Every structure is written in C-alpha cells, then in structure tokens.
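Work through the exercises below with the model open beside you. Try each task before reading its solution.

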Amino acid sequence: MAAKKKTTKKVAKKAAPKKARKPMSKLDQVTVGEINKCADHVYGRIQKLDKPELKFPERSLKNARYDKKGGFVMGRGRIERTLSVNTVKTFAQTLKLMAMSKEMVENDDFATKREAYYVSKNWGEAKFGSQPESDTAMDDIEALFSLQGVAREQLRFRPEDHGGNVAGALVVIDRDRETGAEERIDCTRFGSGSYTIPSSVEHFKFETKAKFVLVIETGGMFARLHEHKWWRDTNCIIIGTSGVPTRSTRRFIRKLSDDKKLPVYCFNDCDPYGISNIYRTLKVGSGNAVHLNKFFCVPQASYLGVTPQDIVDFDLENATHPLNDVDIKRAKDALKNDPFFHAHKEWQKAIKMMLKMGVRAEQQALAKHGLNFVMEEYLPRKLAAPKKFLP
Amino acid sequence: MTSNESGQGQLFAGAAEADMATKKAGKAGSSQKSPAKKAGSKKRTETAESMAKRQREISVSEFFTKNRHLLGFDSPRKALLTAVKEAVDNSLDACEEARIAPDLEVKIERIGSNEKQFRMIVEDNGPGIVKTQVPHVFGRLLYGSKFHRLRQSRGQQGIGISAAGMYGQLTTGQPVKVRSKAGRRAVPLEFTIRIDTAKNRPEFSDKPIEWDKKHGTEVAIPMEGEYRRGQRSIQEFLKLMAVANPHVNLKFTEPDGTVTEYQRNTNELPHEVEEIKPHPHGVELGILLKMIQESENRTTSAFLQQDFSRVGPTVAKEICEKAGVKPTTNPRRLDAKTVGRLKDAIDDTKIKAPPLSCIAPIGEDLIIKGLKKEVEADVYMAASRKPVVYRGRPFAVEVGIAYGRPGDTLEMTDSGKIVASSNKQKNDELLMGNADEPVRLIRFANRVPLVFQQSACAISKAVINTNWRNYGLQQPRGALPIGPMVIFVHIASVWVPFTSESKEAIAGYDEIMDELKRALMDCGRKLGKHVRKGKKLANEFKKRNYITMYIPHVVEALKDILELDDKEVDKATTNLTDVLERSRKL
C-alpha cells in the first residue's frame, strides 16, 4: 500500500514517465526491507524522545584482520553516530541517500556516485559540498548494509570507475542486457585495442587455456606487452590496471582466477605506492572498503616485480629515483600499521631493503637495457621461478 | 576658572616676562617682545632708554585677549561649548556648596538673524551672588573663591566665566548680562557688565527687576559661535554631564527650539567635601617660600604644624632636625638656602597621607545610575577606587562600563530556549558605538566631562594600555578596544592636573596612571565575566540554529522512506527539536 501512495507522489513531483512496475525481485525486497528497518529504528528513537543513533562499521585498517585465505576481514569495530550538532548534517544526508536508494530500487534505476552527488544539490542546506563528502556517506551506508549482506550494487549506487584493460587468450561470456542472449567476447581479437572490464561482472563466464594472469600497473607497460603480442608467446592473459585496480577489475580477476584456477602475478613499479597500495589492495583489499573485501580481493595473487632485489639483480641502481618524504612515510606506515605486511616477513625484508637503499624504480627502468629487455630477458627470468615471487 | 601649574606657569610667564624686561632694561636687545623692526627703513640702534618707553605692565585680561585659545576659545564652535561648560560648572559648584539639588536651564539662541551670533543663557537655582561680588565674578579674570583652597570643585582658578564674557564682548561688542537673587528676601538685580581689559576691572550698571524665583543666578553672554550637533557638541556635553551628575535636573533649549530634559534619578547630592591644608609632600620650593611669607606663625615648628595637614609636633621636630633648623626659629628669618634644606627634609620624612575627606567620588551605585539614565545598554558595571595621593594631593579614580546594545544580544529563557533579547530599539544612541567600532571613552574630571584632546589624555593612554583581550574584547595594537561599549572614567581630586588651561586633558603622573590602570582592570574583570557568558550563549545559539536547520531534512528523509503522514512529520519534528534542545543544556 505504501509503495502505491509513494509512486503517485513521485510522479506528481517529478513528472517522470509512468511505467508499469515490474514486481520486485527477492533481492530488491530484502534491500527495501533493510532500508525500512534502519529508518524505523531512527524514527522509533525520535518517538520515544531519545536521541537517534546509527552504528556504522568502522572502515579503517584498525578494524581489519588479515586472513591469508580471504584477505582483510572486517573486525567488530563500530562507530556510533548519535544525532548532535556535529553529526546532524551528515545524519540528514545519510538518511536522504537511503531514501534515494529506496526510490531507485523501487523504480529499478541506478545512480553513479557522481550523479548521486548532483541529486543532493536539490536538498537545500543538506546538499553535499563536494563529491568526496557524498562518496564517504555512500561508503558508510554501504558498510552499514553489508552487515546485512546487502551489496552496493543492490543499493543502486555505481562507481564511476573506468575498468581495467584485458588482452590475451580469453573468451569472456557476457549476456545481452535486453535479450538475455549469450555474447562471446574473444580478447585476442581487439587488434591494437583491448577489452575493457565493465562495472558489473558478476554474471560472467570464461573460457581460456592460458597458464597465468599478469596484472600490470602502468598503461605503458601493458601497451608494450600487448603490441608485441607477448601474451601469445607466453600463453597468458594480461590485464592493465593503470594504478589501483577498480572494484570491478578486482572482482573480474578474482572470478577469472577462481573459475579457471589460474595463478595471478603482479607486475608493478618498485615503490611504496606500487606495493602497499596497488598490490596490497588487489590481494587483500583496503581498510576503507574493509566490509567488501571478501568479494573483491584476490588472495591467490603474488608479486612478480619489480622488487627491491631486482634493482640489484638487474643492475638498475643508476635508473632509480630517491624516495621522497611521502614514499618514506607510506613505507614506514605499512611496516607499522598494516596487518598484511605484519603477516609476511618477506615483505618486511623487501620494504626495509627499499628504505635502506632510499630509492624507487619504475617498471620502465628496465628499458635502460633496451626497449624489449623486459620481454626478452626480465619476464622470462622471473617467470622461471614463480616460487620466488613475493607473497 | 581654569587649570594647573603648567597653565599657571604660562599664565604668569607673560607678566613675569614683562617684569623681567623692566628689570633688565639696561641690557639692550634681551627682550624678545621688542617690536623694534617696526622702525623699518630707518636704521636706528635701540638704546635702553628708547626701549624703556615701550616697556609696561601687561594685564592678565589683555594677555588672554591675545591668547584666547589657551582657555578654549579658539574656534567659534568650541567657544560656545566652552562658555556653556564654564557657566554650568559654576552653577553646579554653587548649588552643591549650598546643598541645593541643582535645577539648571541652558539655552542657546540666535541674536537676530545673524548666522554667527548667539546668546548663551544659563540659569540655576543656586544661592545667588551678593550684589558687590557679581561684577567681580563675571567681569574680572582670576577672581574667585576656589583658587586658594584645596578642595574638590569643578572650577579651579576663576578664569572661565569671565573669559567667556570677555570673548563675547570681543566678538560682539555687547556686555554680559547677569541676574541674581541672593536668597528669599533679597531684591533680584540685573547687571550689565563690561570688562576693561587694560585694567582687568569690570564696568557695570545694575537695576532691580521683577524675577519670580526664590534664589538663583542667570548669566547671558552674547558671543560669536557656531552651533552644531553630534560629537563634541553642547548636546553631547550636557548628556555626559547628566551621566556623571545623576542628581542634576537640566533643561536644554537649542537655537531651533528643540528642548531636551535630563531628569535626575537620585536626590543624593555629592557628599560635602572638606577643605584641606596642603600636604607637605606636594609642596614645591616656591610655594613653600610664599607660604612662609604669608604665615602668621612665628616659629618653624608651629608653621609646619598649622599651615600643613598631617604634621604633628613629632613630625615637625623631625623635619627641623633633618634640616638643621631650630624649631623655635621664626620661619621668616630663614634664608632661601635653609628653606631649600627644609623642603628636602620634608621630602625625606615619612608623613601620613593627606585626609581623604576632601574628595567626593561619585561612587559605584551612582555611576551605574548615571549610565543607565543616559546610555541604553545590556549591562552596567562600575569600580570605584579608594582615594590615594599624587604629589601630596588626594585623588580617586572611578571607572564605569555600559556594555552591549540592547537587542544585539541573546538571552536564555527559563525553558532553555535561546532568544534575541526583546527590547530591541532603534539606534539613535549618541554614546554607544556598534559592535565593530572602537568603544566610546567618556572622560570626567571632578564630574565635568572632558570632550576635547582625547588622545593627549592620561585616561585614554591608560585605557589603551589595558589589555582588554583578557576580558574577551578585540583590541588592535595601541588602540581602543572594539565593542558595543562605553567606558566611563572619572578622576576626582582637590587639584586635577590638566595639561592646559582649557581643562581638556589630564597629565599622566605615575600615581594617576597606576590608579587608572587598577580601576580599569577592576571593572574589566567584571566585564569579562559578562562578555564570556555572552560569547558562550552566541556560540550555542549558532549551534542550535545549525541543528534546527537540518532537522527538517532528517524528518523529510524518514517521511520518504517510511511514508509518514503530515501529522507524524510534525510530531517527529517537534520531538527531535525538543530532544536536541534538551541535550544542549548550558
């Protein structure tokens, strides 16, 4: 009954085209149920003349426990947000976003993070000042509902992320959204281009005979390996992430690796960002999204290089740059606070070595020995001994 | 009636110069006053004899005719104010000495259609002046009752009102008119007085008149002037006068006929002050010599005991011993050198502070009453220091503060709501500035407002040197603090040390500066409590506004999710507002 009343109201307000409501899926009913439950809790406190409060999972490394099989696991840390002077604005915004989410579920619609930010511009004083504000509020809601097993996709908020690039001996089996027909995508047949991972990969199936997946940090290195069809020679799939891999890229790699039992090797810059942000996030997840790591991390990944030891082994000393203050802080922080690095002695050794040398090396530094040195010399030598990869 | 030593110094400098010139006539060329160059083309060497022809006494009146700025008659606008001030001072002094609650009427009117000529009339209900004295009081400079005594009064020297008359005579050519009735049965008389500036003597006539008044005096001086309102105007001066003298009733009529009445809100007259003899520590050598000449006492010991306050036989003996003077010596026989030793001995001897009964401070209660009467503010406070001594002269410092423009501040109701105070009014306040303007400083000496030369005054310096940030106000470096505030500072003394004869600024003796500072701090501490409380309230008000701004959004979101009806929405809004206001108790 409530839903009907609502629809008429919204139509009157927004003059949206009337469309026949499809019956809600079971998943959507759960989502709406959880949103109602949460709002009911707040409303109930208000009726009892109590201060309303909401408990959000704490999204930080402090609340992350490292599990070798499943990456970072969320702990029991909760942040209680009681309605007060300092929280009243965020409180209002959080509830507004939840209302928006409910409306989208009911209308089978979605909003990107940026769109949600612009919708808030219509909220008067309660509007968000900048997108990071709305993103944070959204992450909080997402974390709150993840406790009930509701994922962000179900809340109808979508990331803006551009996906990673894929090339190699892989067929991705997608579905046409309108007809539901199967669509086979052969990743060898993109010519000089490559396949881009979309934002939703949950329904994908794969066909491949490749032996491993190589995840590459920089676009430049991906382009070189793709241009020379290096993946064909080595029978692998290469995925370029251009920095920190997006959620869907991570989910794609995880799914691919799980389905086809493929090992995942990472090829990054040898600097604290490449190691503690890009690689660590791919493998075990991040503190900020600690509530969703169980879906998104790739625990089977290992680190091919460039390692600090490579700088010595491949004679790269004169192709390095000194670590700057941010690098040093990041490295020390990883050693001190990051449960992942706490758990792996090899990593501690490697980071300490980097700090001691005081330098970082980019993937492209290998070009010092010739442009194709990386394919002809570096990667074959490294791939000969995968056991030596860092965990 | 005017000012201090330095003033006196200058005052007599003129005469003294003339005297000296006479004495030194032999030394040609020593006189600066010589108008010798007038001779012009004819080159002629002056001789002592030729110069002597031009050398003669200068009368005080003549001196002031030329130097009228020294008395506050430098511009037409200021002249009018100075005249009012001198006349009002005299009237109030007379009333208070006779223990009469003063009823004054001040009137400024144009003479004919002349833009620049005014008649200033001040009428009081004082005891009146006896017939023989009237011409002297109003027609002779340096004639009065107040110069020769040490006692707190507004007037000090006996120059002011006659100088005003002289200024009027000089600029309009018209005489001063005075009416006086000295007591119930006396015949009211009207005097017409001109001043012979060469002789410093009045020329006058008098005639009996009909005057329906029990007793009192009225003085009317025609003079060149300029009438304006606003800052440093007669209007402001009288308002300030009313602040410092809440026992006075005053009716003021402006040239355009506008009447302003300042009502008394206390019947308490300033307590009667006693006249004291000079305290030995305040005495300079020249004055000591003069006192010895005028003394009737025939022994040094008796002279010390009877012509000074606070000197008993023991102290007198001690001074004599230190100076090497026999107590029984006739003081007139002492040579200048010995008198010098006597002075050193006095300075070297511990003597009890002078009696303080000669001072009549206004008192904290009456300061607050006065401020309340004329300045609308949220809160009033005052600090009155006990009298102390500078250079042997007792003085007392008092400070009052009126803070906050009504309506600009917040109040907390009993139910815990914060509201802007309800007595908001249109601002036509002459004295109180805005919250972002420097505070207004109002200065008083012996209950007389000081309206000119603020920056040269010790009071201003003391206010600027006080750190008002301690009390929650903003204060730019080396300037008055900022805020909706009036600072009232009063110095009461038997002899207020002005920096000039026009009595506009007070000299910064160390003891006076120290007392000013202490009094300002005393009052500042009281202010600090209030300002901090106000800031806390303002801060809280801001926070609560913030909360109430977002409450509708919280409820609206709940309404969207839970499909609440209007009644439920209203209820939730009130509930939430209540909950949050309850949680923010101060």
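**Exercise 1. The interface between the chains**

Task: How many residues does each chain bring to the contact, and which elements of chain B supply its side?

Solution. Keep in mind that this is a predicted model. Start with the totals. Chain B gives 19 residues to the contact and chain A gives 27. Next, sort the side of chain B by element. Helix 14 and helix 15 (566-582) of chain B each give two or more residues. Helix 14 of chain B has the largest share, with 12 residues. Last, sort that side by class. It holds 12 nonpolar, 3 polar and 4 charged residues.

**Exercise 2. A helix pair across the interface**

Task: Describe how helix 3 of chain A packs on helix 14 of chain B: parallel or antiparallel, left-handed or right-handed?

Solution. Two packed helices are described by the angle and the distance between their axes. Take both values first. The axes of helix 3 (residues 88-106) of chain A and helix 14 (residues 510-562) of chain B come within 8 Å and cross at roughly 20°. Angles under 35 degrees count as roughly parallel. Helix 3 of chain A and helix 14 of chain B are therefore roughly parallel. Their crossing is left-handed.

Now list the contacts. Helix 3 of chain A contributes residues including Phe91(A), Leu95(A), Met98(A) and Lys102(A). From helix 14 of chain B come, among them, Tyr546(B), Tyr550(B), Val554(B) and Ile561(B). By class, this helix contact has 13 nonpolar, 1 polar and 4 charged residues.

**Exercise 3. A second partner for helix 3**

Task: At what angle do helix 2 and helix 3 of chain A cross, and which residues meet?

Solution. The axes of helix 2 (residues 26-47) and helix 3 of chain A come within 10 Å and cross at roughly 155°. That makes helix 2 of chain A roughly antiparallel to helix 3 of chain A. The crossing is left-handed. On the side of helix 2 of chain A, the contact takes in Asp28(A), Thr31(A), Val32(A), Ile35(A), Cys38(A) and Ala39(A). They meet Leu95(A), Met98(A), Ser101(A), Lys102(A), Val105(A) and Glu106(A) of helix 3 of chain A. The classes are 7 nonpolar, 2 polar and 3 charged.

Compare the two lists. Leu95(A), Met98(A) and Lys102(A) appear in the contact with helix 14 of chain B and also in the contact with helix 2 of chain A.

**Exercise 4. A sheet and the helix across it**

Task: In what order do the strands of the six-stranded sheet of chain A run, and which strands stand at the edges?

Solution. Read off the order: 10-7-13-12-14-15 in chain A, an open sheet with mixed pairing. Strand 10 (195-196) and strand 15 of chain A each have a single partner strand, so one side of each is left without a neighbour in the sheet. Inside the order, strand 12 (residues 212-216) and strand 14 of chain A run parallel, joined by 4 bridges. Val213(A) has Val264(A) in strand 14 of chain A as its bridge partner.

Now add the helix. Helix 10 of chain A lies across strand 12, strand 14 and strand 15 of chain A, at about 155° to strand 15. Of the 13 residues of helix 10 (residues 272-284) of chain A, 11 are buried, so this helix is largely enclosed by the rest of the structure. Ile275(A), Tyr279(A) and Arg280(A) are among the buried ones. Gly285(A) follows helix 10 of chain A, with a positive phi near 100°.

**Exercise 5. Strand 8 and its two partners**

Task: Which strands pair with strand 8 of chain A, and over how many bridges?

Solution. Strand 8 (residues 170-175) runs antiparallel to strand 11 (residues 205-208) of chain A, with 4 bridges. Ile173(A) stands opposite Lys205(A) there. Strand 8 also pairs antiparallel with strand 9 (residues 182-186) of chain A, over 5 bridges. Asp174(A) faces Glu183(A) in that pair. The hairpin of strand 8 and strand 9 has 6 residues between the strands, and Gly180(A) takes a positive phi near 80°.

**Exercise 6. Backbone outliers**

Task: Are Arg156(A) and Lys261(A) buried or exposed?

Solution. Both have a positive phi without being glycine: near 75° for Arg156(A), about 50° for Lys261(A). Count neighbours. Arg156(A) has 21 C-beta neighbours inside 10 Å, so it counts as buried. Lys261(A) has 8, so it counts as exposed.

Conventions
Residues are numbered from 1 along each chain as its sequence is written. Chains are lettered from A and ligands numbered from 1 in the order in which they are written. This is a predicted model: local features need pLDDT of at least 70, side-chain atom pairs count only at pLDDT 80 or more; totals for chains, interfaces and linings use all residues. Two strands pair if DSSP finds at least two bridges between them. A residue is buried if 20 or more other C-beta atoms lie within 10 Å of its own, exposed if 12 or fewer, and partly exposed in between; C-beta atoms are placed from the backbone. Axes are lines fitted to C-alpha atoms, for helices over the stretch in contact, and angles run from 0 to 180 degrees between N-to-C directions. Angles under 35 degrees count as roughly parallel, over 145 as roughly antiparallel, 65 to 115 as roughly perpendicular and the rest as oblique. A crossing is left-handed if the near helix is turned anticlockwise from the far one by less than a right angle, and right-handed if clockwise. Two residues are in contact if their C-beta atoms, placed from the backbone, lie within 7 Å. Ala, Val, Leu, Ile, Met, Phe, Trp, Tyr, Cys and Pro count as nonpolar, Asp, Glu, Lys and Arg as charged, and the others, Gly among them, as polar.
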